[in-house]
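Please look through the sequence and the structure shown below before reading on. The report that follows takes up a few local features and then the packing of the interior.

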Amino acid sequence: MATDVEIDVRALFISLLKALPFIVIFTALVGAGTFYLLSNMTPVYTSETTVLIETGESDLTRSTSSTETAAVLDREAVTSQVQLIRSGDLAKVVASKLDLEAQPEYQKAIKDSSFVKDLLVDFGLARSPSGSSIEERVLAEYYRNLQVLAIADSRVITISFSSTDPQLAARGANAIAAEYIAMQRSAMRNTNEDATQWLESEIADLREKVAAAEASVAAYRVSNDLFTSGGQAPTTLNQQALADLNAERARVRATRTDAETKAAQIRASLKSGAVPNITEILNSQLIQRLIEQQVALRAQVAELSATLLSGHPRMRELNAQLADLNSQVTAEAQKIVAALEAEVDLSAAREAEIERQLTGLKATVATAGDAEVQLRALEREATAQRELLDTYLLRYREALGRQNGDYLPANARVISSALVPIEPSFPKVIPMTAAAVAAAFLLAIAVFLVRELSSGRPMRRVAFGAPVPLVPGSMPVGGHVRWADGQRRMMTSEPTLAPLMANEAEQSLARISGDIIAGGRHRILVTEADGGDESRRPLAAAALTRALARVDRRAVLIDFRRDGANSDAMCEGGNPPGFTDLYAGAASFAQVVLRDRRSRAHFIPSGRLPLLPKILTGDRMATVLDALDETYDHVVLDAGDDMIEVLGPSADIAMVVSEFGAADPRTARAFDRITAVSTADIMLLIVDPATTGKALAVADVREDAVTGAAA
């Protein structure tokens, strides 16, 4: 049989119900005391003003010379404005306007004297009030009542001011906002004054520079004969004369070409016997009259030819007149040709003269090129100085106008003024009392539960009886029993009803584990006396490992036996990889270290490979065991007689499990096998053969099989 301890929830709940009146009384007293204290505290009122940070300049009043748009106020700019509102200069002005020094609550801060405070000052744990001025104490109280916050993801700043007087709280918040805006306007006025003074000095300097630059241009133009012609695109006189001569040459050349063309046409017409149809011929009145007479004579000739023959005297007279008129027209045309040829000669002469003049002007303009380059450089310098002077003059007039006017925009405006608060911000009597009552109630319950659990009254012991005997030929499967008759009937391996059993086993294991811990023993060898019933081998190593784990020691059991009893007890059987696989390198520590299903202990099975003592020797064996020593507080080695020679020399303590007593020769031989290879201390654990065996170990592997004590 075995026992375990668990909390009796029902008994704990009944005890809590019995203590409920005391808990209620305690909670009521705490609630009443809290309500009384809060009700007698001086209420504090908080009023809030909201300020929007934005560019205060209007589009109508913004400088016309500036092409920049309103500046973007980022988060850093808003944070800077918060610090400006909290500045000491602003605080001094507000404290003076509100006369905070005369307010009752600030009078208390000025005195700032109490027994506790004086005691702390005497011991050097606090600053003496006499070390600071009255203004510093007033400002310290002012800052305790002031709270300035920037609302996230916005350009809004809230100014909260607290006071025991609601009127003072509202006036304080509004005064801070008003003074902040006034400070901005004053800063802008000072900036304008500084800019005006700077512009005034710069303008005076620029005027001298502009006058000197323009005088240099005029002097250089006179000295190099670079007078300009004026107009929208001024040029020098030589350049203008060159352009005029070039235009005149083109005109004269066009006139000569036109006269030559007309003279050629007239000659060609006269050669063909026709009257040329050109402007000069058509505009000649004499030729026009002669042509009219020719037309009249031809009409008479045509009229008389109907009645008279060509040899008639009248007909000969008319033909003679026509011939005379033709000769007159030809003569007049020859005169026009002569005039055109004379005009051609005149144009050619004029063109030659212009060519000569152009050649001279070209040479003059070419030699004046370097002087013109220097002149343009001087003109650019003078123009730049003039433009800068004009810009400064414009800004100076604007700054002077702002300085003399009353319009001074600020980069902030109040969007919500502070109102006189009706409800105090502190203390909130009802919510704070309710919170105190809830906290007191929970605290009282927690204290009661801790006291009850510490006393052990709600604890109870649960006893487990012996398991149901197995049917012969049965075998364990996964914590259940499969019967040998071939039927697949399953039953639980732990009966729920069992008689009460004694606690000698637990007490013995507790003493043994205590001795091991007190002695600082890390590596523990567990073996059995020969001659026992192997089918009913007590699992003392497993019981000891669990006892060590129960007292929060990191313990691991290494199984060096091939019967599989430890595996069935601690990891529900099977054939998992174990120590031999780890030693051979076929498995890692993570694969072979298993968790005990009934405790916090760990277990390493024997393994799938053969367990040969001759192979498990050498440095690799020592390395594996040393690694486990570094990880665990205790390493329990469950070994048979064949492994004592391998494991005994490195063990810190050995335990011999025997069913026969200390005086039995079989127990003595077990002692001799250990002392032959090791100098470690040896413990003797006497077990009761009537309650041990493999069947019991497989069914319920509990420490109740161990009933002896350390010897």
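## Exposed residues with positive phi

A residue counts as exposed when its relative accessible area is over 50%, and as buried when that value is under 20%. The model is a predicted one, and with this cut-off in hand we can turn to Asp552, which reaches 59% relative accessibility and therefore counts as exposed. Asp552 lies in the loop between α15 (540-550) and β10, and it has a positive phi of about 65° although it is not a glycine.

Asp153 can be described in a similar way, since this residue, which is not a glycine either, has a positive phi of about 55°. Its place is the loop between β3 (146-150) and β4, and because its relative accessibility is 85%, Asp153 counts as exposed.

## A cis peptide bond

Another backbone feature is found at Pro427, in the loop between β5 (412-416) and α13 (429-455). The peptide bond that leads from Phe426 to Pro427 is cis, with omega near 0°.

## Helix α3 and its two faces

Helix α3 (residues 88-98) has among its residues Leu90, Ala91, Val94, Ala95 and Leu98, which are buried. When one looks down the axis of α3, the buried residues fall within an arc of 130°, so they line one face of the helix. A general rule helps here: an α-helix has 3.6 residues a turn, so residues three or four places apart point the same way.

On the face of α3 that is turned away from the buried side, one finds the exposed residues Asp89, Ser96 and Lys97. The buried residues of α3, for their part, pack against α2 (75-85), α6 and α7 (166-223). Just after the helix, Asp99 takes a positive phi of about 55°.

## Aromatic pairs

With rings counted as paired if their centres lie within 6.5 Å, the count comes to 4 aromatic pairs. One of them is formed by Tyr142 and Phe161, whose rings are tilted, with 5.8 Å from centre to centre and 45° between the planes. This pair links distant parts of the chain, for Tyr142 belongs to helix α6 (residues 134-145) and Phe161 to strand β4 (residues 156-163), 19 residues apart. Both Tyr142 and Phe161 are buried.

Phe560 and Phe579 form an edge-to-face pair, with 5.0 Å between the centres and 65° between the planes. Here too distant parts of the chain are linked, since Phe560 is in the loop between β10 (555-559) and α16 (565-571), while Phe579 is in helix α17 (residues 579-584), 19 residues apart. Phe560 is buried, as is Phe579. In addition, Tyr142, Tyr143 and Phe161 form one aromatic cluster, and the charged end of Arg620 sits over the ring of Tyr583, 5.8 Å from the centre of that ring.

## The nonpolar cores

Which residues of the largest nonpolar core touch the most other members? Of its 31 residues, these are Ile558, Phe560, Phe579, Leu616, Met621, Leu637 and Leu647. Several elements each supply at least two residues of this core, including β10, α17, β13 (634-638) and β15 (681-686), and the largest share, 4 residues, comes from α19.

Leu616 shows how such contacts are made, for it touches Phe560, Phe579, Tyr583, Leu611, Met621, Met643 and Val646, not counting residues up to four places away in sequence. A second, separate core has 30 residues, among them Val82, Leu100, Ile110 and Tyr142.

How values were computed: Residues are numbered from 1 along each chain as its sequence is written. This is a predicted model: local features need pLDDT of at least 70, side-chain atom pairs count only at pLDDT 80 or more; totals for chains, interfaces and linings use all residues. Side-chain values use heavy atoms; hydrogens and water are left out. Rings of Phe, Tyr and Trp (its six-membered ring) pair if their centres lie within 6.5 Å; planes under 30 degrees apart count as stacked, over 60 as edge-to-face and the rest as tilted. Buried means under 20% relative accessible area, exposed over 50%, partly exposed in between (1.4 Å probe, protein chains only). A charge sits over a ring if NZ of Lys or CZ of Arg is within 6 Å of the ring centre and within 35 degrees of the ring normal. The arc is that of the directions from the helix axis to the C-beta atoms. Contact means heavy atoms within 4.5 Å. A nonpolar core is a set of buried Ala, Val, Leu, Ile, Met, Phe, Trp, Tyr and Cys residues joined through side-chain atoms within 4.5 Å.
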